[in-house]
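Visitor: Please take me through one part of this model in detail. I would like to look at its largest pocket, and then at what surrounds it.

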Amino acid sequence: MRIDILAIGKCKKNSPEAQLIAEYIKRSHWQINIKEKDNSTQADEAEFLQQNIPHNAKVIVLDERGVNIKSTELAAKIADWQLNGTSDICFLIGGADGHLQSTRDKADLILSFGKLTLPHMLMRAVLTEQIYRIQTIIDGHPYHRE
């Protein structure tokens, strides 16, 4: 499985968030790539996100208006996508003003991590941990406990 994370804002290389992100990417046997763009206008951010979605990838847009589901439910959805031939998933993290409707329209899933406001770099760390968690759930590894 190949995972692309397209994100607005650049993570500082030696920040605590960057270290967490690197740790979960290292743990994963999935290929995880992060592509970033500096904050700019919402239209420019949307263009960057939409133009960098890999062909045939399933798109998950992180948005506060999305569904808030359990890790096991997201793992089941991704496992189903895998069984039906998906090998690419692309997560989109917008800028401070969120996503334009044109970006949300590209989504196969609009996902919320809750109603809390999180700093964008911390959200990336949470997302990479959840990607690792989903992988372990699909693989039957005991990392996830419920």
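**The largest pocket and its surroundings**

Guide: This is a predicted model. Its largest pocket has a volume of about 570 Å³. The lining counts 21 residues, and those closest to the pocket centre are Leu62, Asp63, Glu64, Leu116 and Leu118. Two elements give two or more residues to this lining: strand 3 (58–67) and helix 5 (120–139). Strand 3 provides the largest share, with four residues. Now sort the lining by class. Eight residues are nonpolar, eight are polar and five are charged.

Follow strand 3 into the sheet. The sheet is open and has five strands. Their order is 2-1-4-3-5, and the pairing is parallel. Strand 2 (31–37) and strand 5 (109–111) are the edge strands. Each has a single partner strand, so one side of each is left without a neighbour in the sheet. From one strand to the next, the twist averages 25 degrees.

Look at the contact between strand 3 and strand 5. These two strands pair in the parallel sense over four bridges. Leu62 stands opposite Leu111 in strand 5. Leu62 is also one of the residues closest to the centre of the largest pocket.

A helix packs on this sheet too. Helix 2 (residues 42–51) touches strand 1 (2–8), strand 2 and strand 4 (88–93). The direction of helix 2 makes about 170 degrees with that of strand 1.

Return to helix 5, which gives two or more residues to the pocket lining. Helix 5 also takes part in an aromatic pair. A search of the whole structure finds one such pair. Tyr24 and Tyr132 form it, with 6.0 Å centre to centre. The planes are 40 degrees apart, and the pair is classed as tilted. Tyr24 sits in helix 1 (residues 16–27) and Tyr132 in helix 5. The two residues are 108 apart, so the pair links distant parts of the chain.

Terms used. Residues numbered from 1 in each chain as written. Predicted model: local features only at pLDDT ≥ 70, side-chain atom pairs only at ≥ 80, totals over all residues. Heavy atoms only, no water. 1 Å grid on protein atoms, 1.4 Å probe; cavity = no way out; pocket = protein on both sides within 12 Å on 5 of 7 lines; lining within 4 Å. Points joined across faces, edges and corners; volume = space filled by probe spheres on them. Nonpolar A, V, L, I, M, F, W, Y, C, P; charged D, E, K, R; others polar. Pairing = 2+ DSSP bridges. Axes fitted to C-alpha atoms, helices over the stretch in contact; angles between N-to-C directions. Contact = heavy atoms within 4.5 Å. Phe/Tyr/Trp six-rings, centres within 6.5 Å; stacked < 30°, edge-to-face > 60°.
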